[in-house]
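Trainee: Please give me a close look at how the inside of this model is packed. I'd like one connected tour rather than scattered remarks.

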Amino acid sequence: MSLLEFCFCRCFCLGQLSMLQEKIDHLERLLAENNEIISNIRDSVINLSESVEEGPKSSQGDFSQGAGPHLLPSQSSLQAHPADCLFASRSGSQHPDVQMLDVYSLVPFDNPDGGVWKQGFDITYQEDEWDAEPLQVFVVPHSHNDPGWLKTFNDYFRDKTQYIFNNMVLKLKEDSSRKFMWSEISYFSKWWDIIDTQKKDAVKSLLENGQFEIVTGGWVMPDEATSHYFALIDQLIEGHQWLEKHVGVKPRSGWAIDPFGHSPTMAYLLKRAGFSHMLIQRIHYVVKRHFARQKTLEFYWRQNWDLGSVTDIFCHMMPFYSYDIPHTCGPDPKICCQFDFTRLPGGRFACPWGIAPEPITLANVQSRARMLLDQYRKKSKLYRTKVLLVPLGDDFRFCEYTEWDVQFKNYGQLFKFMNSQPQFKVKIQFGTLSDYFDALDKADTTESKNGQSLFPVVSGDFFTYADRDDHYWSGYFTSRPFYKWLDRVMESHLRAAEILYHFALKQAQKYKIKKFLSSPHYTSLTEARRNLGLFQHHDAITGTAKDWVVVDYGTRLFHSLMLLEKVIGNSAFLLILKDKHTYESYSSDTFLEMELKQKSQDSLPRKNIIKLSAEPRHLVVYNPLEHGRSTMVSIHVSSPTVQVLSASGETLEVQVSAVWDAERTVSQTAYEISFVVHIPPLGLKVYKILESGNSNSHLAEYTLYNGEAKDNGIFSMKNAVDAKEAITIENSFLTLWFDQSGLMKKMVTKEDGKHHDITLQFSWYGTTNKRDKSGAYLFLPDGSAKPYVYEKPPFVTVTRGRMYSEVSCFFDHVTHRVRLYHIQGIEGQSVEVSNIVDIRNSFNREIAMRISSEINSQNKFYTDLNGYQIQPRMTMSKLPLQANVYPMTTMAYIQDTKHRLTLLSAQSLGVSSLSSGQIEVIMDRRLMQDDNRGLGQGVRDNKITANLFRILLERRTDINLEEEKNPVSYPSLLSHLTSSFLNHPVFPMTEKFSPTSKLLGEFAPLASSLPCDIHLVNLRTIQAKVGSGYSDEAALILHRKGFDCRFPSRGTGLLCSTTQGKVSCKLSAWKASLYAEPIQPTTVLCFADSVPSACRRDSSLAPAVSSPVSSKVHLDAGLTPCTASFPWRMTRLALALANPRPSEAPGKMCTRRSRSG
């Protein structure tokens, strides 16, 4: 046989083997899918048999005939893989050197006078300590620019920030030893848009030679307490994408000097972004003192759940009160202030300690150098190496031309003298943050023994922050709650728009729909991303900006919401058009409009009234979740005789309810109709609504307490005669009991028939009578909460219907509603609580909702961090009340060995558990004075605010008391899914005009639901390399959620399972008509153009927390094989496989948050 024949035969055989292997793989997948289906069917049959054997549960509660629940709960169970359950039980078994829960228990939280370092201690050293190795000092010039606080973002840019950049280009070019550092890309991009090519080239040159460094690279320096991880990731992607496109750099180090407390979620996201180092500043002053004594101010920050060290990121904690110059050179601020040369005599600002800086001259350089070196040496004694970081900057510094000269020239003379004196044993220079970390890594490698790092491992979070005395910054967890609600609405809309736009874009490209391809939708998405990103700033979402600045943020969010509604409506319309080409014939106006309409940036949305006739109207419902979903839709229509048809012509059962124009007045022109829809994952379904006497509709029935209502004569409204009559509502899972004020007092779980005393009450907090009082930042109450007292019983309405039953009560400051859904699955198993809060006429008061139970939680409770992970909390009697309040982004829970009670939230608020069995959430605050942290005003711009919650009571099984001691906890899978339903509601849309083209009955991009523990965080179309438009790439971010298996999972209504994080590389769940190419693994936010070979088998997503992503701008984490838990990418679809879970003075020189201390 010739060589050519041999090669041909070998290649042919290999090809045949490859094809055979692919067929085998395909058969294996089909077999696995069939086994899963059979398993689900078997379990359903078993459960159905059990339910038949047990017989129907006895009905409890007051149901009028014909107005009870008609849907039995689904008995299907979620199928959790045993390995998925094992993860939660093993998490946290690797003990770090420092666990923050232990630190909080250990330290006394006292406040002795520490001398010159008021909150610390006296620091001493020996002169010969640096004989063997000199002290290496990096002085890092920087300018902290708030994208809105006392001025709006645009005003700050106009008055200050643009001059900082302009001067930077000129002044750094004068001396190559000068360095400068920047963080906020929102400002940097705005400046970039107005400068010429010559200046852009100069900036790129400064970046290349290391004089200028971009740190973190997010759109803003975000708050870490109230921001949701979706928004944290999104603003990080937006900043990194902008940097990669315009200047071609990737940040290496994290810099967070002003967020009010720090979350391990942010540390994890930075780690996943490829960062190895970060810096934090605002930590409780007692914790700082403890870390300084132990020399643990530099550490590896490890996630609580990490079984190894894969989440470790090196973290530098600044030791002193503030990030300004008086508090960064050393422990004595009156000396450090003398080396802030912007405060030289004759300037606008002076040192508050009464000793002014001196210009450096030949006559004083020696004495001043010794004075400064003494501070550097003392500061270095708090760390474990002889490498020292000294930040040199403050808010909006270096905006004046003269400041660059006085700072750099005076420090230059000091450096030159110090470096020329061998007896000083010091090497000092200007540097960037990465310069410092590079030198530190070198020192660690040199000095470590047996490969063991010099630095300890720390796990936990750094909340709640206090900067002095008992001044805890727990007020901002709730401040301006209206805008915290608006933030989450914006996130939900942006995510929905991103996903629908991407699908519609693929269809428009396939069918060459020029009208869609040339639309401004991608520009709208980009603007929305940036406005949402801007609002994550630590003075925006926190509610700690001036009133007019808050209005500016709100206006930006509202404007983007309106644009996103157009993106959603037009994208959905294209996807449901049977003939895509007819899209070109419609006007540019949105064909589909949202059922909810918000009229202004500070008002709550109202439902549109759909005008009915015998001609059917189309209703399109979008499910933004990655799982198929059965849920209830409620809309307002003009007639009570209504018929709802599915796409197949089936008449749906409808509940018709009253629309209340006022507390006691029923609308004469509008009616609410509610019906159950079944929507495929990420899909759209079309329904028809018309006025008809042949409808399958049922009128809700009403019972009124403590008053009468003005009826329209259609509904049955019964006035309760017996004032002592028990108020109850029920569904197939629960019965709720209420007192005569309409407040819940008991819950009965029908699965076991047990009664649980769960009460709901409202209360008030006042503010202290001391000099410092509660304000936007601080919560300083006047003691325990006082009960909410009302002079007369509130008007109470009880609604009972086929789709839902509810109790509504009307207090002076709260309209409170508790609802049970008569629906299969997720939404039927929890209690929906809605509060419309209005405290605009209150004076120095904060309103709270408290849920009390018999659960023996003692002093332990759990809160989420950023909607991402769960952090155990301890209510400590040694701390003041305000110290025991923590941020809650999506959930908080208490538990004992038998039950867990979870409060799930659709908005970020402050939460506590001040007594065993209680969860208390602060819903709004109205405060008349400033709290002396620089804002200069109180919080008096309150709005009518909507707060939405769910209460979930679950039975616990197989409890291991030793595991309970672990500093880690997980929600149940049911809790995760309930939170997803709460934060990602369906989008009902109505037609603005009757279409002339035929519509599809549904759009279903997925062939099946994703695994139950996988959440699709986003599907984000990536920007083009050139211009402002879109590319053919997208970033798919997936989050595999950690969950606790020791909870019953029956009745969820979901036929999905967990799969050990396996996701098919070929995305078999995605319809072939959308994607034909396989996925290829890549990094999270990497810049490499090359990608490894395509995946050929399923890929595993480790349970942990999610990763940021995007195509070219993936937060770099290195190329990994298919089995790793990293993001993915293909030419048109980038899949970011995410990991564990949570499932957390005027003028040119600005004032800051309090500079005393």
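Mentor: Here is a tour of the interior, going from the nonpolar cores to a covered helix, a couple of strand residues and the rings. It is a predicted model, so to speak with its own filters: local features need pLDDT of at least 70, side-chain atom pairs count only at pLDDT 80 or more, and totals for chains, interfaces and linings use all residues. Numbering runs from 1 along each chain as its sequence is written, and side-chain values use heavy atoms, with hydrogens and water left out.

Start with the largest nonpolar core, which has 250 residues. (A nonpolar core is a set of buried Ala, Val, Leu, Ile, Met, Phe, Trp, Tyr and Cys residues joined through side-chain atoms within 4.5 Å; buried means under 20% relative accessible area, exposed over 50% and partly exposed in between, with a 1.4 Å probe and protein chains only.) F188, F212, F291, Y376 and F462 have the most contacts inside this core. Its top contributor is helix α14 (residues 481-511), with 16 residues. (Helices, H or I of at least four residues, and strands, E of at least two, are DSSP runs numbered from the N terminus.) Zoom in on F291: once neighbours within four places in sequence are set aside, F291 is in contact (heavy atoms within 4.5 Å) with V98, M100, V103, T296, L297, F299, M317, V458 and F462. So F462 turns up both in that contact list and among the core residues with the most contacts. A second core, separate from this one, holds 29 residues, including I610, V654, V656 and Y687.

Helix α14 comes back when you look at helix α18 (residues 973-983), where eleven of eleven residues are buried. Among them are L973, H976, F981 and N983. The cover over α18 includes α14, β19 (629-637), β41 (891-895), β42 (899-905) and β45 (945-955).

Next, look at some strand residues. N1018 sits in strand β48 (residues 1014-1023) and is buried at a relative accessible area of 1%. Beyond four places in sequence, N1018 is in contact with F230, D234, R495, E498, A1035, L1036 and I1037. M747, in strand β29 (residues 744-749), counts as buried too, at 1% relative accessibility. Its C-alpha is 6.4 Å from that of D757, ten residues apart in sequence. Not counting residues up to four places away, M747 touches L734, T735, L736, K754, H755, H756, I758, V831, I951 and L953.

Now the rings: the whole structure has 73 aromatic pairs. (Rings of Phe, Tyr and Trp, its six-membered ring, pair if their centres lie within 6.5 Å; planes under 30 degrees apart count as stacked, over 60 as edge-to-face and the rest as tilted.) F417 and F424 have ring centres 5.8 Å apart and planes at 70°, so that pair is edge-to-face; both residues are buried. F795 and F810 have centres 5.9 Å apart and planes at 25°, so they are stacked. This pair links distant parts of the chain, with F795 in strand β33 (residues 795-800) and F810 in strand β34 (residues 804-810), 15 residues apart. F795 and F810 are both buried.

Finally, charges over rings. (That takes NZ of Lys or CZ of Arg within 6 Å of the ring centre and within 35 degrees of the ring normal.) R819 lies over the face of Y804, 3.7 Å from the ring centre, and R900 does likewise over Y893, at 3.9 Å.
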